[in-house]
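Reader: I have this one open on the screen and would like to go through it piece by piece. Can you start with whatever I need in order to follow the element names?

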Amino acid sequence: MTTSAKPISVAVIGAGMAGRSHAAGYRNVNTVFGAGLPPVRLAAIADANVALGEDAARRYGYEKALPSWEAVVEDPTIDAVSIVVGNSLHRPIAEALVAAGKHVLCEKPLAGSLEDARAMAELERGADVVTAVGYTFRRSPGISAIRDHVQRGELGDLSLFSGRYWCDYATDPKGPLSWRFKGGPGSGALGDIGSHIIDAAEYVAGPIASVSGASLSTQIPKRPLPLGAVVGHNAAPVSDELGEVENEDTASFTARFESGLVGTFSVSRTAFGLPNGLFFDVAGLGGRAAFDQHRPAEYLFDDAQPDARTRGARQIIAGPNLPYFAGGVPMEAPGVGASNADNFTYQARAFLDQVAGVAEPLPVCATFADALRTMEIIQAVVASSRTNGAAVTVPPVA
Ligand SMILES: NC(=O)c1ccc[n+]([C@@H]2O[C@H](COP(=O)([O-])OP(=O)(O)OC[C@H]3O[C@@H](n4cnc5c(N)ncnc54)[C@H](O)[C@@H]3O)[C@@H](O)[C@H]2O)c1
């Protein structure tokens, strides 16, 4: 680990939807929490779409834009790198970066296939650099607070979990056939957004032991080929030619946790009107909590309050009493908000805390092994869907 006060040089590979969030996150890491992190040098943003990379470098104050991820690997001055490109590229880029001695923060899902994800977890075992994965929702003040309630036993023994991630980004049949629609079953809504709600569920309620009752469906089986670059979920000029959608738009399944808790899950990228609908509700014998990403600066909490007249669910508004908030926002007052962009800053800070070996780090990032686990769960969901919903065991936590 780097321990000197020499600047840490960072680069971001991918200047698309999430790449810009990483770029902004690194820019802000020394504006949040305590001192101790060395200065950060914003070295480069790499994207095959040179104009996009140059624009991101200018916006977020990076020294230069590079035209390829290989150029990042070859730059000996760069210490730590985010991989924020389509999932099938994660493995070759991670392998090259680790071989070059660079710390890696890779976006979720870990890889484009289970085979690649297993190879990346193996790579991590032999690596002497930090290998981390971007499960941003672990940094949400509301989700972290709910996890704390569960861990302190404030909900009692858990009795039910219901999680969904419903989005509308693929409701338009004229939306371009981007990388998101390619790859086998499990690489669609399950990999793209299901990975987040599965990770959040395990983060809050513990490990999943098996899944059953899975069903996958595709509402729009063909999409027009893009005529040029596509950024994130954006519309783009398309051809008259259609190509196959290779993965699921929607999936649902039941999970049994190691604790015996049962949870139901649904994910969809074709759910009208919900731009970023990550939602979960967790109930126990003595309390209940719920989170809705469309209202990220609050969560719902209920327990047995002594005065029966005022019992009932209450809204907890994010403020300095919640994780990440104190020291994590410029105006440390309740009610000033909590945003997705803040989560990316906390994630970048946690990663660089690990890289620099700071004395009081933020909670560590998910590892490649953690993210392999999510992919094993997703593939168990796919296997369940192929066997009329039969129960499929998930490999235990290593
Ligand atoms: N944590 C989150 O909340 C979150 C949100 C969105 C996306 N993601 C993840 O981030 C990753 C990227 O998703 P996105 O929506 O930003 O994708 P995107 O399509 O918007 O951007 C990907 C970028 O990669 C570039 N690219 C493609 N091939 C390249 C190459 N060989 N060398 C350099 N650049 C190349 C493209 O030009 C594009 O600009 C995915 O793994 C996705 O799952 C995470």
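Author: Helices here are DSSP runs of H or I with at least four residues, strands are runs of E with at least two, and both are numbered from the N terminus. Also note that this is a predicted model.

Reader: Fine. Which helix gives the largest share of the shell around the ligand?

Author: Helix α1, residues 17-28, which contributes 3 residues to that shell.

Reader: And how many residues surround the ligand in total, and which are the closest?

Author: There are 27 around the ligand, and G16, M17, A18, V85 and E107 are the closest.

Reader: How do the shell residues divide by class?

Author: The shell has 13 nonpolar, 10 polar and 4 charged residues.

Reader: Where does the ligand lie relative to the domains?

Author: The ligand lies between domain 1 and domain 2, because both of them give residues to the shell around it.

Reader: What are the bounds of those domains?

Author: Domain 1 is 8-137, and domain 2 is made of 141-295, 297-336 and 374-385. From domain 1, 18 residues take part in the contact, and from domain 2, 19 residues. The domain 1 side of that contact has 10 nonpolar, 7 polar and 1 charged residues.

Reader: How far apart are the C-alpha centres of the two domains?

Author: The centres lie 24 Å apart.

Reader: What does UniProt list for these regions?

Author: Its unreviewed entry lists residues 8-135 as "domain: Gfo/Idh/MocA-like oxidoreductase N-terminal". The entry also lists residues 145-274 as "domain: GFO/IDH/MocA-like oxidoreductase".

Reader: How much helix and strand is there in each span?

Author: Residues 8-135 are 40% helix and 23% strand, with the end C-alpha atoms 22 Å apart. Residues 145-274 are 18% helix and 35% strand, and there the end C-alpha atoms are 24 Å apart.

Reader: On to the sheets. What is the strand order in the one with 7 strands?

Author: The order is β3-β2-β1-β4-β5-β6-β17, in an open sheet with mixed pairing. At the edges are β3 (64-66) and β17 (366-367); each has a single partner strand, so one side of each has no neighbour in the sheet.

Reader: Are β1 and β2 parallel or antiparallel?

Author: Parallel: β1 (residues 8-13) and β2 (residues 40-46) are paired over 6 bridges. In that pair, I8 stands opposite V40 of β2.

Reader: Which helix lies across β2 and β3?

Author: Helix α2, residues 50-60, and its direction is at about 155° to β3.

Reader: Now the sheet with 9 strands. What order do they come in?

Author: They run β16-β15-β14-β13-β7-β12-β11-β8-β18, and this sheet is also open, with mixed pairing. The edge strands, β16 (314-317) and β18 (392-393), each pair on one side only.

Reader: How does β7 pair with β12, and how with β13?

Author: With β12 (residues 262-268), strand β7 (residues 158-166) runs parallel, joined by 6 bridges. With β13, strand β7 runs antiparallel, joined by 8 bridges.

Reader: Which residues are the bridge partners of F161, S162 and G163?

Author: F161 has G263 in β12 as its partner. S162 is bridged to D281 in β13. G163 goes with F265 in β12.

Reader: What packs on that sheet?

Author: Helix α6 (residues 141-151) does, touching β7, β13 (277-284), β14 (287-292) and β15 (298-303), with its direction at about 165° to that of β14. Helix α9 (residues 368-386) also packs on the sheet, where it touches β8 (208-217), β11 (250-257) and β18; its direction makes about 55° with that of β8.

Reader: Last topic, backbone oddities. Which two residues does a cis peptide bond join?

Author: K108 and P109, with omega about -20°. P109 is in the loop between β5 (103-107) and α5 (114-125).

Reader: And what is the phi of F33?

Author: Positive, at about 60°, although F33 is not a glycine. F33 sits in the loop between α1 and β2.

Definitions and conventions:
Residues numbered from 1 in each chain as written. Predicted model: local features only at pLDDT ≥ 70, side-chain atom pairs only at ≥ 80, totals over all residues. Near = placed C-beta within 6 Å. Nonpolar A, V, L, I, M, F, W, Y, C, P; charged D, E, K, R; others polar. Domains from an automatic or database assignment. UniProt positions renumbered as here; feature names shortened; annotations may be inferred. Pairing = 2+ DSSP bridges. Contact = placed C-beta atoms within 7 Å. Axes fitted to C-alpha atoms, helices over the stretch in contact; angles between N-to-C directions.
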